[in-house]
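Me: Please take a close look at the nonpolar packing in this structure. Keep the sentences short and give the cut-offs.

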Amino acid sequence: MGRKKILNSIKQMSGLISSECESLLDLGFGIQETKELLMRSIMEYWGVDYVNSGSDSIIEEYNQGDFPQVQADAVLCIDCLEYIEDTDSFIRKMCKSSRKEIVLSYSVSEEHRPDRRNHMTIEALKEKFKRNGFHIDTVNKTDDFHYLVKFINIRLIMINTVKWNRLTYLEFEALQDLM
């Protein structure tokens with residue numbers, strides 16, 4: 001994906017990140033402009049990539065099992081998941097790192113490209129995140145093959161349900177047992 005298209009995706013994705021999120025783990029950091037475009041109310045920011053993208057970046061080789069030991073309100077994954085060999089492990093680690101939400105871009109193109117490690121449908125992606133406690137919130141199709149997807153932590157949804165409906169603690173526990 002070209003630089004201009006990536007910047008456009010970042011702008012669109014920044015609109016999907018909730019204003020309550022104060023910390024962000026950016027997987028696939030790649031370009032320095034990402035941080036500047038995303039730093040509205042974000043207090044803590046970790047940019048991670050497999051190459052050194054600047055003085056602020058953390059270097060990790062995802063396909064060797066590396067993953068940053070960081071907890072953040074939101075995880076952002078830009079044009080990265082397509083190149084991961086073990087998507088189940090990577091998604092599990094993303095979900096463990098996110099307290100509230102995950103926003104990612106994913107290309108579902110079936111075109112064979114040697115650098116792509118996986119080809120999932122949006123439904124398959126949705127199922128993998130659901131198994132790890134995240135529910136799909138928003139899906140935006142940007143072109144024929146490219147999607148921007150936001151997932152919300154199911155526990156956060158349940159907590160908000162308790163607040164909105166004023167469920168008792170026992171009712172809340174029963175809801176958790178059903179999940």
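Reply: What follows covers the cores, then single residues and cysteines.

This is a predicted model, where local features need pLDDT of at least 70, side-chain atom pairs count only at pLDDT 80 or more, and totals for chains, interfaces and linings use all residues. Residues are numbered from 1 along each chain as its sequence is written, and side-chain values use heavy atoms, with hydrogens and water left out.

The largest nonpolar core has 29 residues. Such a core is a set of buried Ala, Val, Leu, Ile, Met, Phe, Trp, Tyr and Cys residues joined through side-chain atoms within 4.5 Å. Buried means under 20% relative accessible area (1.4 Å probe, protein chains only). L27, L81, F90, M94, L104, L125 and F129 touch the most other members. Among the elements giving two or more residues are β1 (23-27), β4, α3 (87-97) and β5 (98-107). Helices (H or I, at least four residues) and strands (E, at least two) are DSSP runs, numbered from the N terminus. The top contributor is α3, with four residues. Another core, of 13 residues, lies apart and includes I10, C21, Y45 and I78.

Now L81. Beyond its neighbours within four places in sequence, L81 is in contact (heavy atoms within 4.5 Å) with T87, F90, I91, L104, Y106, N118, M120 and L125.

L76 sits in strand β4, residues 72-77. L76 has a relative accessible area of 0%, so it is buried. Its C-alpha lies 7.1 Å from that of L24, 52 residues apart along the chain.

Last, the cysteines. C21 is buried at 0% relative accessible area. C95 is buried at 6%. The whole structure has zero disulfides (pairs of cysteine sulfur atoms within 2.5 Å).

Note on methods. Buried < 20%, exposed > 50% of the residue type's maximum accessible area, 1.4 Å probe, protein only.
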